[in-house]
Amino acid sequence: GLRLWLSALTVLWALTFVLVIALSRAESLRVSRIELVNSKGKVVAVLGIAPNDGGVLLLYDSNGTLRVAIGMTTESNAAIDLNDAAGNQRVAIQVNADGKVSAKGLR
């Protein structure tokens, strides 16, 4: 739990750092996808476009399993999904446009 969140925050910090450096050298950086790879060349993080054209951040473990997804759903809800090592969703939190919050998997 906490280790996963700390890893997610570390990746977010790294992405922010890369973007700040890139933007300080140019007026803007426009891409539709950024992938971070580990020392073995495996994708461990993706900053990209969700199916509804909103943003999404995907975090993978060293085995390539999707563990964290933060972004917009196809219904334009803000969402955070946390998966176990097998890729099964264990926690899902969504906030609808009207402010209604739904959560499953929390104890």
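Asp61 counts as buried, at 14% relative accessibility; buried means under 20% relative accessible area, exposed over 50%, and partly exposed in between (1.4 Å probe, protein chains only). The side chain of Asp61 meets that of Arg67 in a salt bridge, at 3.7 Å from N to O. The model is predicted, so local features need pLDDT of at least 70 and side-chain atom pairs count only at pLDDT 80 or more, while totals for chains, interfaces and linings use all residues. Residues are numbered from 1 along each chain as its sequence is written, and side-chain values use heavy atoms, with hydrogens and water left out.

**Salt bridges**

- The count comes to 3 salt bridges, each defined as a side-chain nitrogen of Lys or Arg within 4 Å of a carboxyl oxygen of Asp or Glu.
- Asp84 and Arg90 are joined at 2.8 Å, N to O, and Asp84 is buried at 16% relative accessibility.
- Arg33 pairs with Glu35, with their closest N and O atoms 2.7 Å apart; Glu35 is partly exposed, at 40% relative accessible area.

**Nonpolar cores**

- The largest nonpolar core (buried Ala, Val, Leu, Ile, Met, Phe, Trp, Tyr and Cys residues joined through side-chain atoms within 4.5 Å) has 10 residues, among them Ala8, Ile34, Ala45 and Val91.
- Two or more residues of this core come from each of α1 (2-25) and β3 (55-60), elements taken as DSSP runs numbered from the N terminus (helices H or I, at least four residues; strands E, at least two).
- The most residues, 3, are given to this core by α1.
- A second, separate core of 5 residues includes Val46 and Leu58.

**Surroundings of Ala45**

- Beyond neighbours within four places in sequence, Ala45 is in contact (heavy atoms within 4.5 Å) with residues including Val11, Glu35 and Tyr60.
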